[in-house]
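Open the model in your viewer and keep the selection panel at hand. The stops below say what to select and what is there.

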Amino acid sequence: MVFSSLSFLLGFMPVFFILYYRLPANCKNQLLLIGSIIFYGLGVWRRPACLLLLLVSMAVNIKTGRLISGRDRRRGKRWLYLGLLWNFGILFIFKYLGFVCENLNRLLPAGLAVLPEKRPKLPPGISFYTFQVVSWLIDVYRGSRYDMGNGLSIATYLCMFPQLIAGPIITYGEVESALQKRKHTLKMLDRGLREFVIGLGMKVLLANRVGNLWREVGAIGYESLSMPLAWMGIAAFSFQLYFDFCGYSRMARGLGWMMGMEFPENFRDPYQALSMTDFWRRWHITLGRWFREYVYIPLGGSRCGRGKTFRNLLLVWLLTGIWHGASWNYVLWGLLLFGLIVLEKSGLEERLKRYPLLGHAYMLFAIPLTWLVFAVTDLEKLAVYLKRLFDVSAGSGAAVFGQDYIKYGKIYGIWLLLCVLFCTPLPGKLYRQWAYTWAAALGLLAVFWFCVYCLYIGLNDPFLYFQF
């Protein structure tokens, strides 16, 4: 089940919140836990083993956390290592084992290449769930004074449906007090509903529309694209990814407010950044925070000299790439980001900040090019696409229709322009100015029902980040 589905919008969500607000405060966590299990179970009903894995993993991690929090720190460290082995081991088996076997088979002689290469289908949200539970185990070991006896709060935290499948990645400390005692007000309900509808609109009315252009570019074949259409295609993917994931995060945050909880912000106008360093302070903020708090800083961060700082950055960006997928393009993507950030830390970033127009021009090329490496998993096809982006004579080739960008511009031009507009701070400023007027309320109501109509006629796509 996903937020942008009729079964959630007109079924699960209203039923859940009617029960949620009618139940007494001491029963809300039970409902949230049961509701989250049902939500996940409905999404994997054809693969019940995924639900079983979630429940077993939840029980194992709660027990491991309690053992870590014991008085004996040496034993606690051992249990932490076992907990990390359990969680990362499951992630490795489902996500990376097939990739490793494929590459080992290529290195082995033909007769010895017998390692199984079949990749199991990923349980939804396994990467997000793993990072969240690992953060909790590490924080427990570091001495965070959590109430380890409150198993219900911990279990609810580990599988809360608003952010279980695609984040944001929340630390237990951010929601512990709210899980144990929280207030529910009409103001928070109103704020949450508004945020949810805005996120829904970003997903259904923007991401899904420009996503069609990216799919059509793939159907045409990269070798047949003119240079303008190639740039339009990768711009469409860049917008689709942003409005898809940002929309989901805003829906999750809205659901959190409706339940009396404050979830962290996950995006902050990333396409307004003047450098790639600044971009990754604004994009998927909770993932960047996880790598900073649990990888970069423990390695020494930037306090251990220039050479080791770059080493730490290299490790972080390689892991960031690999976290997104088991494919060489993600490794290449991580290395590309590392190279750009090192270049910026060597003096380029200061110049980009000094001359904002130069910074925006730089990011106008850097953002779509890095997302292209992210989007195209086949390295040979990636090379073809890169050639089309910079082949000024592409329109003269026999397989290329030089006016293709005019055809698709007429179909998708308005959606691309709307995406450009909504990537700027202007719509947000206007909304904040008029948020609590009748016009804004009616506008959001119209957005909601138009989204429902689009879903009813079948104009929907799965969330892109579910695959990670």
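Start with helix α9: 27 of its 32 residues are buried (under 20% relative accessible area with a 1.4 Å probe, protein chains only; exposed is over 50%, partly exposed in between), so the rest of the structure largely encloses this helix. Helices here are DSSP runs of H or I with at least four residues, strands are runs of E with at least two, and both are numbered from the N terminus.

The model is predicted: local features need pLDDT of at least 70, side-chain atom pairs count only at pLDDT 80 or more, and totals for chains, interfaces and linings use all residues. Residues are numbered from 1 along each chain as its sequence is written, and side-chain values use heavy atoms, with hydrogens and water left out.

Select residues 227–258 to show α9 in full; from first C-alpha to last it reaches 46 Å, close to the 46 Å expected at 1.5 Å a residue (1.5 Å times one less than the number of residues). Just after α9, pick Gly260, which has a positive phi near 85°.

Next, show the side chains of Asp244 and Lys203, which form a salt bridge at 2.8 Å, N to O (a side-chain nitrogen of Lys or Arg within 4 Å of a carboxyl oxygen of Asp or Glu). This pair links distant parts of the chain, with Asp244 in α9 and Lys203 in helix α8 (residues 186–220), 41 residues apart. Asp244 is buried at 2% relative accessibility, and Lys203 is buried at 1%. The structure holds 12 salt bridges.

For another, select Glu349 and Arg281, whose side chains meet at 3.6 Å, N to O. Glu349 belongs to helix α13 (residues 328–354) and Arg281 to helix α10 (residues 276–282), so the bridge ties together parts 68 residues apart in sequence. Glu349 is buried at 7% relative accessibility, while Arg281 is partly exposed at 44%.

Add Lys353, which also bridges to Glu349, with the closest N and O atoms 3.8 Å apart. Both residues of this pair, Lys353 and Glu349, sit in α13, four residues apart, about one turn of the helix. Lys353 is partly exposed at 46%. Through shared partners, Arg281, Glu349 and Lys353 form one salt-bridge network.

Finally, zoom out to the whole protein chain, which has 18 helices and zero strands. Its C-alpha trace spans about 70 × 65 × 50 Å along the principal axes. Of its 468 residues, 52% count as buried.
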